[in-house]
Amino acid sequence: MASFKPTKIQVYPKLGEKVTQDTLYWKNYKAPVQIKEFGAITNIDFSPVAPHNFAVTAFTRVHIYGPFSQEPVKTFTRFKDTAYSGRFRSDGQLFVAGCEDSVVRLFDVSGKVALRMFKGHTKAVHVTDFTSDRYQILTGSDDYTCRLWDIPNATELTTYQEHTDYIRCGVTSKLNRDLFITGSYDHTLKVFDARADKSVMTMDHGQPVESLLLYPSEGLLISAGGRYVKVWDLLKGGQPLVSLKNHHKTVTCLCLSSNGQRLLSASLDRHVKVYNTTNYKVVHNFDYAASILSLALAPDDESIVVGMTNGILSIKHRKSLEESKEISGQQKRRPSYRVFVKGKNYVPKQDDYLVSKPVKQHLAKYDKQLKKFNVSKALDTALERKPEITVAVIKELDRRGTLKNALAGRDEQGLSHLLNFLIGNMVDPRFAPVLVTAADMILDIYQSVIGQSPVVDRQLLRLQELLEREIDYQQDLVEVLGMLDTMFASSLPRKEVPCQHCSKGGIYPSKKKVQFYHAAK
């Protein structure tokens, strides 16, 4: 008896991912290193000075990690409550962080005890940053105020109370020590000048503002809040330039690549989007396991560090040139074990006996049902798998002449499941030749019960609308094809074709041949 042949699954051509320079660049990272922190990671900041350590603010601690260390090289634990917004100064020697207890603490990176404690806010401080002259600190709080502090004297310089809700983000100018921008949950962005008593510019984001970012030239400002990322032209009085809506949950943080040509946004939807800053189109996407609260890029994009709500710190390091070559070399097929045992040039002798073990045949569930001639169960099993497999089983049942038996005798739920599959895949040109036959059989079998089930009736109407729409599309395409053929034919240069009855001296027939032709007619 011949052995059972498994169903042959046809391999359909796939539309591969478009490989661009951005795809190659942003995919050239190793597998992520994951570190468990004590709580949700609200902020990540890289030191501007080599070796570019980065500070991770999570719960009541701030850990400082080396570029390739998996254990913190430094820890600040002098916080009585949750810490926020740990930032390095431009020289990498001082570090500032806010806290839930409303106190701002300034640390020496090489020490442990706080050098300064700035008290004045009445609620949690979520925003801290150094000004460009290195001697002042900007802070923003849930008490609706933003303040400037003098580091040498540990005194408050200015207080602004123009926001009407929590201030959760802010950024200082790197070109002018007096300029800084704050974003609030009152949906507004405000540009302040320390030499003025009030804000000099106000912009409405339309959503609670979660993050702010200045371009290196500081002519453009990027804000993130709600599902939107917006770009503002500060040189034109805060005119909105672009509004991006590529996330489906709140955008929490922003950062720029090392060359400033790519913008990264992270969201609670677990995605990091990479935008081209010339046209603001998404050129790449990263997926993570949990909602993202913080994001940072190392200088030269050597590392991508992401902090999540579940306390996981994910670090991706860029592959070196040697590692990329090794990986491409490992993709080649390695020789089997027996080659190493016997040698590459091993040839069996004339007197050797070849003993082969019977190969056990492993069948899929639908093939097992086909082997038992349970055609209905085989089709039901295939419906739970990829459409390529389902279509292959339907094709095999049709070849055997048992497709009608497999489709018949179904209850409302079984028929509904089958119609759902047809609705989802009928117009796919890869599957249409097989599924049209199956749909025709279903209508022949179940036409007598149409009108008894509202669920099945709705699905049949939907299938009919789908097919009618597809037919209309194809008719339109045929018309367009005819128009294009006409255009192409009219645009081609015309060539004179010599007549078979033409004389040797020219393209016109001789008089004798013309007279003979008329006489014959």
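Let's start with the hairpin of S10 and S11. Five residues sit between its strands, and Arg 134 takes a positive phi near 75° there. This is a predicted model, so keep that in mind throughout. S10 covers residues 125-130. S11 covers residues 136-141. The two strands pair in the antiparallel sense, over five bridges. For one register point, take Asp 129: its bridge partner in S11 is Leu 138. Is S10 enclosed or open? Six of its six residues are buried, so the strand is largely enclosed by the rest of the structure.

Staying with backbone geometry for a moment. Most residues other than glycine have a negative phi, and most peptide bonds are trans. Here are some exceptions.

Asp 301 has a phi near 55°, a positive value. This residue is in the loop between strand S26 (292-297) and strand S27 (303-308). Asp 301 is buried, because its relative accessible area is 2%, and the limit is under 20%.

Phe 373 also has a positive phi, near 65°. Look for Phe 373 in the loop between H4 and helix H5 (375-383). Buried or exposed? Phe 373 is exposed, at 66% relative accessible area.

Then the peptide bond. Ala 50 and Pro 51 are joined in cis, with omega about 10°. Pro 51 belongs to the loop between strand S2 (41-46) and strand S3 (54-58).

One more loop residue: Asp 178. Its loop runs between strand S14 (167-172) and strand S15 (179-184). Asp 178 is buried, with a relative accessible area of 12%. What does Asp 178 touch, leaving out residues up to four places away in sequence? The contacts are Phe 192, Asp 193, Ala 194 and Arg 195.

Now the helices, beginning with H10, residues 454-491. H10 has 38 residues. From first C-alpha to last, H10 reaches 55 Å, close to the 56 Å expected at 1.5 Å a residue. Val 456, Gln 459, Leu 460, Leu 463 and Leu 466 of H10 are buried. An α-helix has 3.6 residues a turn, so residues three or four places apart point the same way. As for partners, the buried residues of H10 pack against H8 and H9.

Those three helices meet again at a cavity. Each of H8 (412-425), H9 (432-446) and H10 supplies at least two residues of the largest cavity's lining. How many cavities of 30 Å³ or more does the whole structure have? The search finds one. The largest cavity holds about 40 Å³ of space. Its lining includes Leu 415 and Leu 419, then Ile 442, Leu 443 and Tyr 446, and also Val 456 and Leu 460. H9 gives the largest share, three residues. By class, the lining has eight nonpolar residues, one polar and no charged.

Last stop, the second largest pocket. The volume is about 520 Å³. Of its 20 lining residues, the closest to the centre are Phe 4, Lys 5, Glu 396, Arg 399 and Arg 400. Helix H4 (365-371) and helix H6 (387-400) are the elements that give two or more residues to this lining. The largest share, seven residues, comes from H6. What is the mix by class in the lining of the second largest pocket? Nine nonpolar, three polar and eight charged residues. Set that beside the largest cavity, with no charged residues in its lining.

Definitions and conventions. Residues are numbered from 1 along each chain as its sequence is written. This is a predicted model: local features need pLDDT of at least 70, side-chain atom pairs count only at pLDDT 80 or more; totals for chains, interfaces and linings use all residues. Side-chain values use heavy atoms; hydrogens and water are left out. Buried means under 20% relative accessible area, exposed over 50%, partly exposed in between (1.4 Å probe, protein chains only). Helices (H or I, at least four residues) and strands (E, at least two) are DSSP runs, numbered from the N terminus. Two strands pair if DSSP finds at least two bridges between them. On a 1 Å grid over the protein atoms alone, a cavity is a set of points where a 1.4 Å probe fits but cannot get out, and a pocket is an open set with protein on both sides within 12 Å along at least five of seven lines; lining residues have an atom within 4 Å of a point. Grid points are joined across faces, edges and corners, and a volume is the space filled by probe spheres set on the points. Ala, Val, Leu, Ile, Met, Phe, Trp, Tyr, Cys and Pro count as nonpolar, Asp, Glu, Lys and Arg as charged, and the others, Gly among them, as polar. The expected span of a helix is 1.5 Å times one less than its number of residues. Contact means heavy atoms within 4.5 Å.
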